[in-house]
Structures are given as C-alpha cells and as structure tokens.
Amino acid sequence: MSIENVSTNKIFGGWHKQYSHTSKTLNCNMQFAIYLPPQVAKGVKVPVLYWLSGLTCTDENFMQKAGAMRMAAELGMAIVAPDTSPRGDDVADDEGYDLGKGAGFYVNATQAPWNTHYQMYDYIVNELPELIEATFPVSNKRAISGHSMGGHGALVIGMHNPDRYTSMSAFSPITNPVNVPWGQKAFTAYLGSDKATWQQYDASELMRKATTFVPVKVDQGGADNFLAEQLTPEVLEQAAKASNYPLELNIHEGYDHSYYFISSFIDEHLRFHAEHLAK
C-alpha cells in the first residue's frame with residue numbers, strides 16, 4: 001500500500017499529518033489525517049482512536065476544531081480521521097448535502113450507482129486500519145468515536161465488531177436512522193427500498209438486540225436544533241434498557257450541534273477511551 005504525505009504540522013510534541021492513498025475498497029483516491037503523539041518518538045507503539053465525522057465534513061474538521069490533540073499527547077493516543085465519503089469526478093453524487101459526497105453514512109451501498117464507490121463500512125473496518133497499522137508506529141488496540149452521521153457510524157461499527165474495538169463513543173449521533181429523514185433518504189439510495197436491510201446499520205436496533213457489550217459513552221447537546229427530528233437519543237436509551245446495555249448517555253443543556261460542543265467534552269471522551277484501551 002503506497003501513501004503520499006500531503007501536509008505535516010508539529011503540535012504538542014507530536015505530529016499532525018495528512019495523507020492520500022488509492023483505496024481498493026472505494027475505487028478512488030482518499031485522504032485521511034493522523035495525529036501521532038510524542039510517545040512514538042520513544043519507540044512506543046500507541047493505540048488508535050478512529051474518529052468519524054458528520055455530514056459535509058472531511059478529515060480536517062475534527063483535527064482543526066475539536067482541540068483533541070493536547071489530551072491525545074498526554075494520554076499517548078493516536079487519532080485517525082478519515083474522510084466522510086468517496087471523492088472524485090467519477091464518484092456518484094447528489095445535489096443535497098445529506099446524500100453523496102460528504103455523506104457516506106458508513107454503510108456498504110448495494111444499489112447503483114452508489115455501490116461502485118460507497119463501501120465506507122468496509123473501508124473503515126478493514127482497509128484503513130490495515131493501512132494505518134502497516135505504516136505507522138501504532139498497536140492493534142483500537143477505539144472508535146464520531147459526531148452526528150459519524151456518531152451513527154461509530155456506534156454501528158463498534159457494536160458489529162466487539163472484538164476489534166475496546167470502546168466506542170459518540171457526540172450527537174443519529175441513533176435511529178431507519179426512522180428519521182436523514183437516514184431514510186440515505187438508506188433508500190444506498191441500500192434500496194427493503195427496510196429490513198436497513199436495520200443492520202441502525203444503532204438503536206443493534207443495541208436493543210445486543211448480547212455482547214462494548215463500553216459506550218454518548219453526549220448530546222440539549223439545544224441541538226437537530227435533536228427531535230434527526231437524533232432521537234431517547235430511542236437509543238430505550239434500546240439500552242431493553243437489552244441491559246451499559247449505555248452512558250449525557251444530555252448537556254444549552255449546547256448545540258457544533259464543534260463548540262465537541263471541544264467542550266472531547267477530553268472526557270479521550271480519557272474514557274484511554275481507560276479501556278489500557279485494559
């Protein structure tokens with residue numbers, strides 16, 4: 001696997017780097033960012049937190065706005081932030097911000113024209129970690145987190161792969177996409193009209209039926225303008241009660257859907273993951 005360094009910045013004794021590579025899974029060129037903490041300079045292989053961003057975002061939003069790298073440096077944790085969808089002139093797209101480029105929803109599309117490139121689930125679970133672990137001084141200990149659409153992806157991927165991730169967390173996740181407009185639009189396009197196939201990518205449905213538990217932390221802003229129509233954290237809470245899933249769900253009054261919210265609580269999430277990565 002060949003990758004190309006796009007940019008490099010030193011920060012908090014470590015390095016933030018952007019890379020591009022040709023993805024066999026997505027059939028296009030992809031970009032990701034990685035933060036390598038200062039411990040790697042001492043020969044330490046560090047664990048990795050995979051961060052999945054939300055609608056319209058790229059690898060840059062989290063790295064530039066979340067303020068996560070100071071704590072990651074302290075904890076000795078790498079952070080990998082992939083893009084949110086395939087990119088390129090021949091990649092299918094839509095006029096809406098909530099479908100197509102920037103809106104991959106972390107699923108494996110089965111419907112044309114999306115299925116040619118939109119295999120984001122396999123990219124995040126398999127190809128990207130394989131590339132990261134073969135290229136950088138990291139261990140095979142992984143955690144996963146994300147925001148909004150990325151929170152949906154983190155919860156779904158974490159619950160489907162309890163042997164691959166020590167912990168999962170989310171900010172403002174789309175918890176029940178089969179029943180909200182964002183999810184219904186994306187799933188109809190990517191997966192087709194058979195709603196039974198949608199449930200494999202619905203965090204609430206997976207949590208309701210779960211028998212194997214991955215430690216999970218979810219934070220939601222109480223003043224989020226997407227709260228009632230798109231995010232529905234109460235559905236996830238009900239699902240956790242049904243299966244006795246050990247969900248930690250926190251509602252923070254006055255906070256919205258932005259990176260102001262994420263940056264306010266990102267340190268708590270990193271400490272949460274560090275605790276489980278150390279076990």
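"What volume does the largest pocket have? About 180 Å³, and please keep in mind that this is a predicted model. Fourteen is the number to remember for its walls: of the 14 residues that line the largest pocket, L55, T56, C57, H147 and H257 are the closest to its centre. By character, the lining divides into six nonpolar residues, seven polar and one charged.

Let me stay with C57 for a moment, since some of you like cysteines. How many disulfides does the structure hold? Zero. A disulfide is a covalent bond between the sulfur atoms of two cysteines, and the cut-off used here is a pair of sulfur atoms within 2.5 Å. The cysteine sulfur closest to that of C57 belongs to C28, and it lies 18 Å away, so the two are too far apart for a bond. Looking from the other side, C28 has its closest cysteine sulfur in C57, again at 18 Å and too far for a bond. Both of these residues are tucked away: C57 counts as buried at 8% relative accessibility, and C28 is buried too, with a relative accessible area of 8%.

Now, over to helix α4, which runs over residues 149-160. Its 12 residues reach 17 Å from the first C-alpha to the last, close to the 16 Å expected at 1.5 Å a residue. Is α4 enclosed or open to the outside? It is largely enclosed by the rest of the structure, because 11 of its 12 residues are buried. The buried stretch begins with M149, G150, G151, H152 and G153, and goes on through A154, L155, V156, I157, G158 and M159.

That's my tour, thanks for listening!"

Methods:
Residues numbered from 1 in each chain as written. Predicted model: local features only at pLDDT ≥ 70, side-chain atom pairs only at ≥ 80, totals over all residues. Heavy atoms only, no water. Helix = DSSP H or I, 4+ residues; strand = E, 2+ residues; numbered from the N terminus. Expected span 1.5 Å × (residues − 1). Buried < 20%, exposed > 50% of the residue type's maximum accessible area, 1.4 Å probe, protein only. 1 Å grid on protein atoms, 1.4 Å probe; cavity = no way out; pocket = protein on both sides within 12 Å on 5 of 7 lines; lining within 4 Å. Points joined across faces, edges and corners; volume = space filled by probe spheres on them. Nonpolar A, V, L, I, M, F, W, Y, C, P; charged D, E, K, R; others polar.
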